[in-house]
Amino acid sequence: MAREECKALLDALNKTTACYHHLVLTVGGSADSQNLREELQKTRHKAQKLAVAIRAPLTAALRDRGLAAEERAEFERLWVSFSGCLDLLEADMRRALALGTAFPLHTPRRPLVRTGVAGGSAGVAARALSARSLRHEAERDFDVDDLRELEQEILQVSEMIHDMEMKVNVPRWTVQARQTAGAELLSSASAGASSVGGVSVQERSGPCDVSKALAATVFSAVLLAAVALAVCVAKLS
């Protein structure tokens with residue numbers, strides 16, 4: 001049950017982190033607004049809550065010396081995925097802090113970068129947070145307070161990563177994946193190639209088309225006549 005619970009929480013964390021990454025890319029662009037900053041705040045809060053919920057059972061399972069080898073290998077894979085999500089979350093939070101500082105919403109007003117990205121961010125955040133609606137509250141000091149809070153949360157995520165590494169020693173390069181990288185893509189590509197190959201073999205193995213054979217014969221005759229005419233002209237000249 002602990003493994004299934006960790007898998008479900010990790011899947012939710014993965015989706016929420018991906019959503020936050022998508023939203024951070026629009027900060028400072030033409031789609032930037034206070035609504036976007038509020039969505040960023042709620043999304044990163046949800047990601048941190050999920051990370052806290054995953055850390056305790058995952059750490060306890062990996063510190064259990066009586067855990068079977070197969071179970072330990074599965075928990076180590078989950079641990080690597082969890083660490084990757086936290087690293088991406090921390091990097092995106094630092095990026096959001098830098099962009100939010102460079103492009104404040106209110107005074108002093110700076111022109112936003114025209115990145116070409118517009119719209120769509122509200123729908124992605126709403127699906128990730130399972131929220132029906134996101135209210136827009138016009139608070140002039142919202143971005144300033146949010147940036148201060150973001151600085152503290154970055155330190156908390158960094159401390160969480162450091163604490164994890166101190167409690168559980170699972171080097172990422174020692175964890176073996178169940179299948180090679182890109183195995184699904186290779187299998188689908190090989191399946192498509194085999195199906196195409198089978199069709200081509202069937203087409204080649206079918207009866208010869210009479211019209212194509214006749215056209216090839218006429219073309220060969222015209223080519224030979226042209227060569228003969230060229231030789232005659234060369235001799236007469």
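Here are a few notes on the cysteines, a surface patch and a cavity in this predicted model.

1. **Ground rules.** The model is predicted, with local features needing pLDDT of at least 70 and side-chain atom pairs counting only at pLDDT 80 or more, while totals for chains, interfaces and linings use all residues. Residues are numbered from 1 along each chain as its sequence is written, and side-chain values use heavy atoms, leaving out hydrogens and water.

2. **Cysteines.** You'll find zero disulfides here (a disulfide is a pair of cysteine sulfur atoms within 2.5 Å). Cys 85 counts as buried because its relative accessibility is 8%, while Cys 232, at 44%, counts as partly exposed. The cut-offs: buried is under 20% relative accessible area, exposed is over 50%, and partly exposed is in between (1.4 Å probe, protein chains only).

3. **A nonpolar patch.** Phe 219, Leu 223, Val 227 and Val 231 make a nonpolar surface patch of about 390 Å². Patch residues have over 30% relative accessible area and no salt bridge, and nonpolar side chains are joined within 5 Å (a salt bridge is a Lys or Arg side-chain nitrogen within 4 Å of a carboxyl oxygen of Asp or Glu). Val 231 sits in helix α7, residues 210-236 (helices are DSSP runs, H or I, of at least four residues). With a relative accessible area of 40%, Val 231 is partly exposed.

4. **The cavity.** How many cavities of 30 Å³ or more does the structure hold? Just one (a cavity is a set of points on a 1 Å grid where a 1.4 Å probe fits but cannot get out). The largest cavity has about 90 Å³ of space. Its lining residues, each with an atom within 4 Å of a point, include Tyr 20, Arg 37 and Asp 143. Helix α5 gives the largest share of that lining, four residues.

Definitions and conventions:
Patch = residues over 30% accessible without salt bridge, like charges linked within 9 Å, V, L, I, M, F, W, Y side chains within 5 Å. Areas by Shrake-Rupley, 256 points an atom, 1.4 Å probe, with all protein chains shown as cover. Helix = DSSP H or I, 4+ residues; strand = E, 2+ residues; numbered from the N terminus. 1 Å grid on protein atoms, 1.4 Å probe; cavity = no way out; pocket = protein on both sides within 12 Å on 5 of 7 lines; lining within 4 Å. Points joined across faces, edges and corners; volume = space filled by probe spheres on them.
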